[in-house]
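Could you walk me through this structure in plain words? I'd like to know how its helices pack and where empty space is left between the atoms.

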Amino acid sequence: MAHRPAPPPPLSDNAIQVEAVAFMDARGHWLTAVAARRVAAVREFFRQHAHLRRDFLRERADEERREGRLALELFSRAVQRVRWLLTTGDGPTTRIHGAEAGRDLGLLFAGTDSGLDGLTSERDQRWNLNHPLPLPPTGFRVSRINDDGGPGEDQTHHLAFYAMFGASNDSFPEEQLNKLTGALSDMGPPEDQHLAWDGIDLGRQLGDPRFDVNAWLWKTVGDTCQLPPPDAEAVAS
């Protein structure tokens, strides 16, 4: 059996904090040196300023796209960042605002935070990485790729849309579940249906601090054989 490469390592908490503080400084949202070292202060700033949080996520993803990272890498790193930014508390009181993280992912990859009829709708292409040029399906395994889809039927769009739905409807009221089942049955290609259910599973775990989202994504939908060799990765980063 051929050896499969390991998935890329997750972003460290410190790396995300450094990125976030640099973003704030570049836009004049200055924190004192003491506050910038306080994780809670940085997170609180971005929790209160959703538009700036989404600007930060889009900016980082745009830069990584220019670096040539795979689409699934962009998606995973965006999820890691938004979960870190929307974390409150510490130790046993740690909480991640999963529903808000789902809405950010919806806007970042699908241009909407409206899942069926279950959410307050905001459609804004300002943050949509798939507009006007959709991300290619790089990093995704073959069983999650539908080659018959149109330019808007991209993998990150589906994954984010249904993650948004799963994060905001984690208890699945019967009416919402029936509506969702009907929508999925009309999707056609099995690849899209698999990806939709993957997205729902992802969304329902976004608020769990114990959830290793990077490992889960590469195990569930990813193909690590598409990753560049370590020396090429070092150049890209």
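**Helices and the spaces beside them**

Let's start with helix α5, which gives the most to the lining of the largest cavity, with four residues. Before going on, keep in mind that what you're looking at is a predicted model. Rolling a probe the size of a water molecule over the atoms shows where empty space is left. Done here, that search turns up one cavity of 30 Å³ or more. The largest cavity holds about 40 Å³ of space. Which residues line the largest cavity? They are P8, P9, E73, S76, R77, Q80 and N214. Sort that lining by class and you get two nonpolar, three polar and two charged residues.

Now for the pocket. The largest pocket has a volume of about 300 Å³, and 16 residues line it. If you want to find its centre on screen, look for D13, Q80, R83, W84 and F211, the lining residues that lie nearest to it. Three helices each supply at least two residues of this lining: α1 (13-26), α5 (71-85) and α10 (213-220). Which of the helices gives the most to the lining of the largest pocket? That's α5, with three residues. As for chemistry, the pocket lining divides into eight nonpolar, four polar and four charged residues. Notice that Q80 turns up in the cavity lining and is also one of the residues nearest the centre of the pocket.

Next, let's see how α5 sits against a neighbour. Helices α4 and α5 pack at an angle of about 155°, with their axes 10 Å apart. Angles over 145 degrees count as roughly antiparallel, so α4 and α5 are roughly antiparallel to each other. Their crossing is right-handed. On the α4 side, the contact is made by R53, F56, L57, R60, A61, E64 and R65, and on the α5 side by L74, R77, A78, R81, V82 and L85. By class, that contact has seven nonpolar, no polar and six charged residues. R77 is worth a second look: this residue of α5 takes part in the contact with α4, and R77 also lines the largest cavity.

Helix α4 (residues 50-66) has another partner, α1, and their axes come within 11 Å and cross at roughly 115°. Because of that angle, α1 and α4 are roughly perpendicular to each other. This crossing is right-handed. I16, E19, A20 and F23 of α1 meet L52, D55, F56, E59 and R60 of α4. Here the contact residues divide into five nonpolar, no polar and four charged. You may recognise F56 and R60 of α4 from this contact with α1, since they were also listed in the contact with α5.

Further along the chain there's one more helix pair. The axes of α6 (residues 98-109) and α7 (residues 155-168) come within 8 Å and cross at roughly 155°. How do α6 and α7 run, roughly parallel or roughly antiparallel to each other? That crossing angle makes α6 and α7 roughly antiparallel. The crossing is left-handed. From α6, the contact takes in G98, A99, G102, R103, L105, G106 and F109, while α7 brings T156, H157, A160, M164, A167 and S168. By class, the contact of α6 with α7 has six nonpolar, six polar and one charged residues.

Finally, follow the chain from α6 towards α7. In the loop between α6 and α7 you'll find P132. What kind of peptide bond joins H131 and P132, cis or trans? The bond is cis, with omega at about 0°.

Key. Residues numbered from 1 in each chain as written. Predicted model: local features only at pLDDT ≥ 70, side-chain atom pairs only at ≥ 80, totals over all residues. Heavy atoms only, no water. 1 Å grid on protein atoms, 1.4 Å probe; cavity = no way out; pocket = protein on both sides within 12 Å on 5 of 7 lines; lining within 4 Å. Points joined across faces, edges and corners; volume = space filled by probe spheres on them. Nonpolar A, V, L, I, M, F, W, Y, C, P; charged D, E, K, R; others polar. Axes fitted to C-alpha atoms, helices over the stretch in contact; angles between N-to-C directions. Parallel < 35°, antiparallel > 145°, perpendicular 65-115°, else oblique. Left-handed = near helix turned anticlockwise from the far one by under 90°. Contact = heavy atoms within 4.5 Å.
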